Amino acid sequence: MSEPIGEVKTTKEARVIDRNETKGEEGKHKYSIIVPTYNERLNIALIVYLIFKHLRDVDFEIIVVDDGSPDGTQEIVKQLQHLYGEDRILLRARAKKLGLGTAYIHGLKHATGDFVVIMDADLSHHPKYLPSFIKKQLETNASIVTGTRYVKGGGVHGWNLMRKLTSRGANVLAQTLLWPGVSDLTGSFRLYKKSVLEDVISSCVSKGYVFQMEMIVRATRKGYHIEEVPITFVDRVFGTSKLGGSEIVEYLKGLVYLLLTT
Amino acid sequence: MKHIVKILSLLVAISAFWIGLLQAAIVPRSYTWLLPIYFVVSLGCYDLLMVGIGLMQFPTCPQEAVLLQQDIAEAKDFFKHKGVDVGSD
């Protein structure tokens, strides 16, 4: 694993960021929604439609970070730009598949909002929850609002018993070892204050879903105020991808890494 | 401080307590020797219990799949009228 880039803020600095940003003006917030895509020709259009539907009175921009999809995702995004405006939908593509963490960093560079939302492009994350994220953040002035599938009001559809068992077992193990302070560690539907995301992401080096875990655990360690909102997760790809032995090994390795280095 | 340091300090504190118990012999030594095993086993049982409870209470949302299909149909319809070719999945 390579060295983390950039400066790592201390816990005290993290608390200062929390406090300073209460002094911001109420109601003058802009939300940058970063959506990494790869072969999501249909889904990206659906997501854009749903975001516009559910965020009517909110100032936001959608940043699509496409990794050179061969299925025409970028062409669709350009059509959407004609429909909704190039100031609302930003296409910031990359040449090839370069990984999720770097996709967020790339999107962050082009984000002009004071808040950043990250979400998946495959419609497992439904934009109808965006207002509840925003509301929770405004009520509590949290630095991070993370969606959780595992509490009442949330839920998962499309998982069989085995998948639920591994999910639950993995979660309990992570809770026992890491004391993360959130109920859903691997979730990737989150709202961050922009400065907080920049700080946390610069100190994360993992890949895949361990990256999502690392982000939230590092944020907890740095003392950032984290709130949760229930979300529902409709998994439409589960049937096609199995959770195999190698993924379990990767997960355990990730847990040990986080145990020792955070 | 790092999390691992916190955990190790906790383990050291528990071990010190255990050694203290051994030396003071308030509780018969034969029991005290087995305490660490009891501790690990209880922790394991607790975790298994949490997995079981979590599994039983696992929140599901079958109605969300239906709602999602409705949203998808609505969006496809919208784009058809606007002339955006979204093709099919």
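A residue counts as buried here when its relative accessible area is under 20%, and A:Asn171, at 8%, is therefore buried. The model behind all of these close-ups is a predicted one.

**View 1. A:Asn171 and its surroundings in helix 6 of chain A.** We start with a residue from helix 6, the stretch covering residues 161-178 of chain A. Which residues does A:Asn171 touch, not counting those up to four places away in sequence? The answer is A:Tyr150, A:Ser183, A:Asp184, A:Leu185 and A:Tyr251. With a relative accessible area of 8%, A:Asn171 is buried.

**View 2. Strand 5 of chain A, with strands on either side of the pairing list.** Strand 5 takes in residues 144-148 of chain A, and five of its five residues are buried, so the rest of the structure largely encloses it. In a regular strand, side chains alternate between the two faces of the sheet. Here A:Ile144, A:Thr146 and A:Thr148 point one way, while A:Val145 and A:Gly147 point the other way. Strand 7 (residues 190-193) of chain A pairs with strand 5 in the antiparallel sense, over three bridges. Look for A:Leu191 in strand 7 as the bridge partner of A:Val145. Strand 8 (residues 226-230) of chain A runs parallel to strand 5, and five bridges join the two. In that pairing, A:Glu228 of strand 8 stands opposite A:Thr146.

**View 3. A:Met215 in helix 8 of chain A.** Helix 8 spans residues 208-221 of chain A, and A:Met215 is found there. Is A:Met215 buried or exposed? Its relative accessible area is 0%, so A:Met215 is buried. Leaving out residues up to four places away in sequence, A:Met215 touches A:Arg190, A:Tyr192, A:Leu197, A:Val200, A:Ile201 and A:Cys204. To get your bearings, pick out A:Gly181: it lies 34 residues from A:Met215 along the chain, and the two C-alpha atoms are separated by 13 Å.

**View 4. A:Asn43 in helix 2 of chain A.** This close-up moves to helix 2, residues 41-54 of chain A, where A:Asn43 is found. A:Asn43 has 7% relative accessibility, so it counts as buried. Setting aside neighbours within four places in sequence, A:Asn43 is in contact with A:Ala121, A:Asp122, A:Leu123 and A:Arg236. A:Arg88 is 45 residues away from A:Asn43 along the chain, with 18 Å between their C-alpha atoms.

**View 5. Where chain B meets chain A.** Here 36 residues of chain B are in contact with 44 residues of chain A. Interface size is often given as the accessible area lost when the parts come together. For chain B and chain A, that comes to about 3,500 Å² buried between them, 70% of it on carbon and sulfur atoms. Watch for B:His3, B:Phe58 and B:Leu68: they supply 19% of the area that chain B buries against chain A, more than any other three residues.

**View 6. Salt bridges and helices on the chain B side.** Between chain B and chain A there are three salt bridges. One of them links B:Glu74 to A:Lys53, with the closest N and O atoms 3.1 Å apart. The interface also has 13 residue pairs in polar contact, both residues at pLDDT 80 or more. Helix 1 (3-24), helix 2 (29-56) and helix 3 (62-82) of chain B each supply at least two residues of the side that touches chain A. Helix 3 of chain B gives the largest share, 14 residues. By class, this side of chain B has 19 nonpolar, seven polar and ten charged residues.

Key: Residues are numbered from 1 along each chain as its sequence is written. Chains are lettered from A and ligands numbered from 1 in the order in which they are written. Side-chain values use heavy atoms; hydrogens and water are left out. Helices (H or I, at least four residues) and strands (E, at least two) are DSSP runs, numbered from the N terminus. Buried means under 20% relative accessible area, exposed over 50%, partly exposed in between (1.4 Å probe, protein chains only). Contact means heavy atoms within 4.5 Å. Buried area is the accessible area (1.4 Å probe) that two parts lose on being put together, summed over both. A salt bridge is a side-chain nitrogen of Lys or Arg within 4 Å of a carboxyl oxygen of Asp or Glu. A polar contact is a pair of N or O atoms within 3.5 Å; within protein, one must be able to donate a hydrogen and the other to accept it, and residues adjacent in sequence count only if both atoms are side-chain atoms. Ala, Val, Leu, Ile, Met, Phe, Trp, Tyr, Cys and Pro count as nonpolar, Asp, Glu, Lys and Arg as charged, and the others, Gly among them, as polar. Two strands pair if DSSP finds at least two bridges between them.
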